[in-house]
Amino acid sequence: MGQNAVAQFWFKVDKTVRHHAKKTLTDLRGAWWDRTRLRAERPVFVVSGSRSGTQMLYKTLTESSAIGSLNREIYAVWDRLHHPAHKDWDSHVLDATDARDSDRDLITRYFYAHTGRTRFVDKNNQHGLAVPYLHALFPDATFVYIKRNPGDTLNSMIEGWHRPERFGNWARELPAQVEVDGGRLTRWCHYLPRGWRDYLKAPVEEVCAFQYEAIHRDILNAKAAIAPDQWIEVFYEDIVRNPTDGLFDIFDRLELPFDARIRAHAASLLDKPYDPMFEIRLEKWRQHAHAGKIERVLPSLQRIAADMGYAPDTRGAAA
């Protein structure tokens with residue numbers, strides 16, 4: 001057996017041992033939770049619409065060793081609790097009446113078993129439609145709401161609609177015929193607000209504008225019921241302009257240490273996008289092929305953009 005083959009053998013052995021060790025530790029933590037019923041403590045939920053910087057913010061928070069993180073989204077776990085099919089595919093909207101003790105137990109146990117922590121951070125692009133539900137499950141949770149201007153968000157959302165295997169995998173079972181953009185797009189993407197069936201044959205820019213307004217309106221409506229010290233708002237643009245200061249403020253509000261390692265991560269945040277298909281750049285929609293489509297629907301988003309804190313032209317400057 002050559003040296004390379006030997007090295008490959010021991011690499012596979014090491015990988016197998018690590019896998020089983022991790023699974024054993026997860027099982028032991030789960031068993032300990034079953035015995036102790038530990039409560040979640042001040043979990044953190046990153047909320048917004050799709051393509052709004054949630055991944056950038058979430059991945060930065062996962063760098064902290066002071067909070068539990070799976071470093072991935074757990075759509076399958078949340079769907080097990082409340083799949084849209086359970087309500088005849090009405091939407092991904094959840095409110096306080098949907099919250100059950102068993103939901104809280106399952107999520108708390110899952111994070112504790114996988115991270116060993118009772119405080120955790122989570123995000124997915126449907127949480128923005130479920131803030132009242134999440135707040136009912138975890139009354140001491142903090143919500144970090146990241147806002148991004150309509151132009152750049154719609155640009156990235158349209159791109160997402162052309163990658164349904166990444167942004168609409170759950171929609172394979174959708175009981176409706178999707179013919180968006182003249183039938184060129186046949187799988188629904190991102191998330192389902194109430195009223196989504198009215199847009200099955202709409203131009204893609206109108207669908208994205210509808211999704212953008214619906215989720216941000218739901219988030220802003222939910223904000224009124226949450227204590228100010230459990231609500232953090234940040235503009236994506238402010239973080240891009242000054243990552244270190246913008247992220248420090250969030251970590252400070254969350255009472256997470258902003259140590260040298262986190263500071264170095266923040267300083268290099270813009271050097272390598274978390275998603276290489278979507279560069280980090282402000283006002284990029286103006287130079288993109290979708291600019292004409294976006295320009296057409298921007299006026300319909302004037303009010304929601306203003307309510308989010310953007311200047312009246314909805315182009316991306318904070319008011």
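Student: Which residue of β2 is the bridge partner of Val44, and what makes β1 and β2 count as paired strands?

Tutor: In this predicted model, the bridge partner of Val44 in β2 is Val121. Strand β1, residues 44-47, is joined to β2, residues 121-123, by 3 bridges, and because pairing asks for at least two bridges, these two strands, which run parallel, count as paired.

Student: What makes β1 and β3 a pair as well?

Tutor: The same reasoning applies, since β1 and β3, residues 142-147, share 4 bridges in the parallel sense where at least two are needed. In β3, Val144 is the bridge partner of Val46.

Student: How do you know that both faces of β1 are covered?

Tutor: Val44 and Val46 lie on one side of the strand and Phe45 and Val47 on the other, and all of them are buried, which means that each has under 20% relative accessible area.

Student: Why is the pair of Tyr110 and Phe111 called edge-to-face?

Tutor: Among the 16 aromatic pairs, Tyr110 and Phe111 have ring centres 6.4 Å apart and planes at 80°; because a pair needs centres within 6.5 Å and an edge-to-face one needs planes over 60 degrees apart, both conditions are met. Both residues are also buried, and they belong to one aromatic cluster that includes Phe45 of β1.

Student: What makes Lys147 a charge that sits over the ring of Phe235?

Tutor: The charged end of Lys147 is 4.1 Å from the centre of that ring, so the distance falls within the 6 Å allowed. Likewise, the charged end of Arg148 sits over the ring of Tyr236, at 4.4 Å from its centre.

How values were computed
Residues are numbered from 1 along each chain as its sequence is written. This is a predicted model: local features need pLDDT of at least 70, side-chain atom pairs count only at pLDDT 80 or more; totals for chains, interfaces and linings use all residues. Side-chain values use heavy atoms; hydrogens and water are left out. Rings of Phe, Tyr and Trp (its six-membered ring) pair if their centres lie within 6.5 Å; planes under 30 degrees apart count as stacked, over 60 as edge-to-face and the rest as tilted. Buried means under 20% relative accessible area, exposed over 50%, partly exposed in between (1.4 Å probe, protein chains only). A charge sits over a ring if NZ of Lys or CZ of Arg is within 6 Å of the ring centre and within 35 degrees of the ring normal.
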